[in-house]
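Work through these two exercises with the model open. Each task is followed by its solution.

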Amino acid sequence: MDINSKKKLVNGIEIPVLGFGVYLSPEGEVTASSVRWAVESGYRHIDAAAIYGNERSVGEGIRTCGLPREQLFITSKLWNDDIRKGRCKEAFTETLNRLGTDYLDLYLIHWPVDQHVQAWKVLEQLYETGKVRAIGVSNYHSQHLKELEDMARIMPMVNQFEIHPYLSQQPLIDLCKRYGMVYEAYSPLGGQNGPVLSDPVIVDIAAARGKSPAQIVLRWHLQRGTVVLPKSNHLERIRANAQLFDFRLTQEEMARLDALNQNLRTGGNPDCFDF
Ligand code: A2P
């Protein structure tokens, strides 16, 4: 595994295992420079969403990073209100315009709102037009996937949900594997001001390895087969979060990290959310 490693989706499209997260990255120069720093540091995958409110700045970063568009893997997500209002196609076009691109590599339904099955039919159509190379979902539990199964011609190729050592999500990961879906971790470091990076076991493994707690956590994700999407607006952290390929955690270290699970969610719960 190296910084260019990719996973194959069921349709053959390849997704880089390391992606750059931009949730809570503010619209403006901070986000545009963060995206450029990420690309300079070797990231080739950017995970955006309409609701993050920063697609224009992400687009600015992409346009000024010095790489042709085809060398980047760009994801965005369809927001709940657009699904509820039945304006999925319009929202997709707005996302393309804000990002300044004429296609996406991956488009996800952000949350399984009541009308998500109708929205999925629209994503299938977008996929068939070729404007998006792969389609998937985010925050889907088994019942949401079952709801799609009855109606879908194409099943989601990706499921993105909250995963970190305090919420290891082994059952949902196993379910994704059974469906042949690539699983992606959001809040891979435990989110903003989360407790994960100061956990004594993680700090201990980091000190013994001469790595940072964030590098240990991200490496744990990669060795579980997870696509990781760490966010930062700091150059040093952006760089360090990509330096994950010159060491390997032992089985014992992996087991110590696996044992930290406490089903602790920092974000919304897909079984009961009100937004
Ligand atoms: P910042 O953007 O100020 O660097 P997640 O990816 O789990 O959502 O976590 C991101 C949070 O962790 C952000 O608040 C980010 O803040 C912070 N962060 C990112 N990388 C590191 C790192 N290497 N060490 C400590 N904190 C980090």
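Two strands pair if DSSP finds at least two bridges between them. Strands are DSSP runs of E with at least two residues, numbered from the N terminus. The model is predicted: local features need pLDDT of at least 70, side-chain atom pairs count only at pLDDT 80 or more, and totals for chains, interfaces and linings use all residues. Residues are numbered from 1 along each chain as its sequence is written, and side-chain values use heavy atoms, without hydrogens and water.

**Exercise 1. Trace the open sheet and find its edge strands.**

Step 1. Read the order: eight strands run 3-4-5-6-7-8-9-10, with parallel pairing.
Step 2. Find the edges. Strand 3 (20-21) and strand 10 (227-228) each pair on one side only.
Step 3. Check one edge. Strand 3 joins strand 4 (residues 45-47) in the parallel sense through two bridges. Phe20 has Ile46 of strand 4 as its bridge partner.

**Exercise 2. Describe how the protein holds the ligand's surroundings.**

Step 1. List the shell (residues with a heavy atom within 4 Å). It has 15 residues; the closest are Leu189, Lys231, Ser232, Asn233 and Arg237.
Step 2. Look for polar contacts, meaning pairs of N or O atoms within 3.5 Å. A polar side-chain atom of Lys231 is 2.7 Å from a ligand oxygen. For Arg237, a polar side-chain atom is also 2.7 Å from an oxygen atom of the ligand.
Step 3. Assess cover. Of the 570 Å² of accessible area (Shrake-Rupley, 1.4 Å probe) that the ligand has on its own, the protein covers 82%.

Terms used. Helix = DSSP H or I, 4+ residues; strand = E, 2+ residues; numbered from the N terminus. Polar contact = N/O pair within 3.5 Å; in protein donor to acceptor, adjacent residues only side chain to side chain.
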